[in-house]
Amino acid sequence: MTDQKNPLGLKKIHHVEFYVGNAKQAEFYYRKAFGFSRLAYSGLETGNRETASYVVRQSRAAFVLTTPLSGEHAGSEHIRQHGDGVYDIAFQVEDADFAFAEAVRRGAQSAIEPYDMTDENGSVRRAAIRTYGDTIHSFISYNNNNGHNYSGVFLPGFTEQQIAGEDVGIVLVDHMVGNVELGKMETWCNYYRDVMGFERYITFDDEDISTEYSALMSIVMSDGGHNIKFPINEPAEGKRKSQIQEYLDYYKTPGVQHVALLCKDIISTVGKLQANGVDFLRVPDSYYAEIPARIGEIDENIEDLKRLGILVDRDEEGYLLQIFSKNTQDRPTVFFEILQRKGCKGFGKGNFKALFVSIEEEQAKRGNL
Ligand code: FE2
């Protein structure tokens, strides 16, 4: 029976898989810089002749970093086109067969037909649909009616291989933002509405945020429980080239722009990330003088926020603290956000103008403004 609010039976984001040029080095970066721990591995040594894949996890955030081992693998074309980037935003679902069939019935394009992933620890069921660009959504189900049962650490095909990182306090993936082409934002919002039953997330930000400065428009789509949030951006005409257009010029198709990682103590988390060498965008110091008038009382010391470059925004229900990394590969494409929510359900709209200055500076350095 179909639940109108959650027609595909989505439970949570299971993991995010990146295709990268060198998974061995990427794993080292996410472990040493972002504080993830290695959990599992799949590659030549474990009988996988196709790819090398490293699973890294920090609390409830799990990434898979995959490099194809030959030029013929589909992932090689993904990397040739896009550089390092997100390939799969994978959901854990009640029943992968049902989720896939229902998604296709509701208008999704098939990417991978349902199949068993199996190894000596048991099996799970997986299928996938396409979303914007070359990005897919996998559906993964455990313990469904077909007798699947799995007792391993991650997924069949992966061998447990633990190397602890120094946890920086990242808890989970809060949201993932997709950049789509000019004029396609509504199409993709409708896709998440029609296929997944998502709704426009009613927040402070729930308007097009097109200004002459921000040069983008954004709508947030979310499931009924607001556990899974997918803002969709499209470029807008501004005085200068939109940062979204710069992304599209280098990613070549729509794709994931940023992955937002939630933490509980952003001053501690960002302090550790900066000590580890992660580079963040900074706004002018004058931003911090305006916080008391713009935001009101906050628990944090403004000097700490200023020292670390952390931004603050507010909605009717509270405030949030956030900071954006610089791009984490040489193409000006994917980056990360670190955020902490103190009641606020928004995405930092109030910070956009301040951020625009530093985003434009970076674009200008690249000759892309
Ligand atoms: Fe964000």
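A donor, for this tour, is an N, O or S atom within 2.8 Å of the metal. Keep in mind that you're looking at a predicted model.

**Stop 1: the iron ion**

Select the iron ion and show its neighbours. Which residues coordinate the iron ion? You'll find His175 and His258, each through NE2, together with Glu337 through OE, at 2.0 to 2.2 Å. Along the chain, these donors follow the spacing H-x82-H-x78-E. The two histidines come from distant parts of the chain: His175 belongs to strand E10 (residues 170-179) and His258 to strand E14 (residues 255-263), 83 residues apart.

Now switch on a surface. Are the histidines buried or exposed? His175 has a relative accessible area of 2% and His258 one of 7%. Buried means under 20%, so His175 counts as buried, and so does His258.

**Stop 2: helix H6**

Next, pick residues 266-275, which make up helix H6. Show the side chains of Ile266, Thr269, Val270 and Leu273, which are buried. Turn the view until you look down the axis of H6: its buried residues fall within an arc of 90°, so they line one face of the helix. What do they pack against? Their partners are E10 and E14, plus helix H9 (302-308), strand E16 (318-324) and strand E17 (335-342). Just after H6, click on Gly277, where phi is positive, near 100°.

**Stop 3: the open sheet**

Head over to the sheet of 9 strands. It is open, with mixed pairing, and the order to trace is E6-E7-E8-E5-E1-E4-E3-E2-E9. Strand E6 (110-119) and strand E9 (159-163) are the edges, each pairing on one side only. Ignoring direction, neighbouring strands here are turned by 25° against each other on average.

Zoom in on strand E1 (residues 10-19), where 8 of the 10 residues are buried. E1 pairs with E5 in the antiparallel sense over 8 bridges, while 4 bridges join E1 to strand E4 (residues 61-68), running parallel. Glu17 is a handy landmark: Asp88 in E5 stands opposite Glu17, and so does Val64 in E4.

**Stop 4: E7, E8 and a helix across them**

Select strand E7 (residues 122-130) and strand E8 (residues 136-141); they run antiparallel and are joined by 6 bridges. To find one pairing, label Ile129, whose bridge partner in E8 is His137.

Finish by adding helix H3 (residues 96-105). H3 lies across strand E5 (85-93), E6, E7 and E8, and runs at about 10° to E7.

Methods
Residues numbered from 1 in each chain as written. Predicted model: local features only at pLDDT ≥ 70, side-chain atom pairs only at ≥ 80, totals over all residues. Heavy atoms only, no water. Pairing = 2+ DSSP bridges. Axes fitted to C-alpha atoms, helices over the stretch in contact; angles between N-to-C directions. Contact = heavy atoms within 4.5 Å. Donors = N, O, S within 2.8 Å, 3.2 Å for Na, K, Ca; no water. Buried < 20%, exposed > 50% of the residue type's maximum accessible area, 1.4 Å probe, protein only. Arc of directions from axis to C-beta.
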